[in-house]
Amino acid sequence: MNQYFAPGLLALAVISNALANLAFKKDMQIEDSDVTSIASKIGNVLFGPWFWVGLILSVILLSSYLIAIRSLPLSASYAIVTSSSMALMFIIGVMVGTESMRLSAVLGMVCIALGVVFLTMRPFE
């Protein structure tokens, strides 16, 4: 596999992970106050447009991640996808106004990034 192909797939997994989570969040924010039965509420969730956007993005996430881990270490790949997705969701949340920029959140992201760097570092040989 091309040396740039697997990292590109990881980047695709990060973006699709963050966007899928945001789509699922958007789907759950659709008001259904006039619906009283639990079956109707579940139907509204499953047939909402944002649910299907999230589902398609989840398939892209899983496909790109599975192909990438064929040639990359699993521990590094998982750490990169999950932590980068979390940071991306936070940044998007700040941009759209659903999250507030806090020093503690920024420090937390720095700690996560440093953790990924230390996890993926190769020991001196």
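Entry 1, helix α4 against helix α5. I take the axes here as lines fitted to C-alpha atoms over the stretch in contact, with angles running from 0 to 180 degrees between N-to-C directions. With that convention, and working on a predicted model, I looked up how helix α4 (residues 74-96) sits against α5, and found an angle of about 165° with the axes 10 Å apart. Since angles over 145 degrees count as roughly antiparallel, I entered α4 and α5 as roughly antiparallel to each other. The handedness I noted for the crossing of α4 and α5 is left-handed. On the α4 side I listed Ser-75, Ala-76, Ala-79, Ile-80, Ser-83, Met-86, Ala-87 and Phe-90 as making the contact, and on the α5 side Ala-105, Met-109, Ile-112, Val-116, Leu-119 and Thr-120. Sorted by class, the residues of this contact of α4 with α5 come to eleven nonpolar and three polar, with no charged residue among them.

Entry 2, Ala-113. I then went to Ala-113, which I located in helix α5 (residues 103-120). Is Ala-113 buried or exposed? I recorded a relative accessible area of 41% for Ala-113, and the residue is therefore partly exposed, given that this class lies between under 20% for buried and over 50% for exposed. I also checked the spacing of Ala-113 and Ser-83, which are 30 residues apart in sequence but have their C-alpha atoms 7.4 Å apart in space.

Entry 3, the loop between α4 and α5. In this loop I looked up Glu-99, for which the relative accessible area is 39%, so that Glu-99 too is entered as partly exposed. Once the neighbours within four places in sequence are set aside, I find Glu-99 in contact with Phe-90, Gly-93 and Val-94. From C-alpha to C-alpha, Glu-99 and Met-89 are 9.5 Å apart, with a sequence separation of ten residues.

Entry 4, helix α1 against helix α3. Which way do α1 and α3 run relative to each other? I found that the axes of α1 (residues 5-28) and α3 (residues 49-68) come within 7 Å and cross at roughly 160°, and α1 and α3 are therefore roughly antiparallel to each other. I noted the crossing of α1 and α3 as left-handed. The residues of the contact of α1 with α3 divide, in my tally by class, into 20 nonpolar, five polar and two charged.

Entry 5, Trp-50. I placed Trp-50 in helix α3 and read a relative accessible area of 37% for Trp-50, which is therefore partly exposed. Leaving out neighbours within four places in sequence, I list Ala-23, Lys-26, Asp-27 and Ile-30 as the residues in contact with Trp-50. For one of these partners, Ala-23, I also looked up the separation from Trp-50, and it is 27 residues in sequence and 5.2 Å in space, C-alpha to C-alpha.

Entry 6, helix α1 against helix α4. At what angle do α1 and α4 pack? I recorded about 45°, with the axes of α1 and α4 8 Å apart, and α1 and α4 are therefore oblique to each other. I noted that α1 passes α4 in a right-handed crossing. The residues I found meeting across this pair are Leu-10, Ala-13, Val-14, Ile-15, Asn-17, Ala-18, Leu-19, Asn-21 and Leu-22 in α1 and Ser-77, Ile-80, Val-81, Ser-84, Ser-85, Leu-88, Met-89 and Ile-92 in α4. By class, the contact of α1 with α4 holds twelve nonpolar and five polar residues, and no charged ones.

Entry 7, the chain as a whole. I closed with the totals, starting from the secondary structure, which comes to five helices and zero strands, in the pattern α-α-α-α-α along the sequence. Of the 125 residues of the chain, I have 26% counted as buried. The chain exposes about 8,700 Å², and carbon and sulfur atoms supply 71% of that area. Taking the contacts between residues at least 6 apart in sequence, I noted that 70% join residues at least 24 apart.

Notes:
Residues numbered from 1 in each chain as written. Predicted model: local features only at pLDDT ≥ 70, side-chain atom pairs only at ≥ 80, totals over all residues. Heavy atoms only, no water. Parallel < 35°, antiparallel > 145°, perpendicular 65-115°, else oblique. Left-handed = near helix turned anticlockwise from the far one by under 90°. Nonpolar A, V, L, I, M, F, W, Y, C, P; charged D, E, K, R; others polar. Buried < 20%, exposed > 50% of the residue type's maximum accessible area, 1.4 Å probe, protein only. Contact = heavy atoms within 4.5 Å. Areas by Shrake-Rupley, 256 points an atom, 1.4 Å probe, with all protein chains shown as cover.
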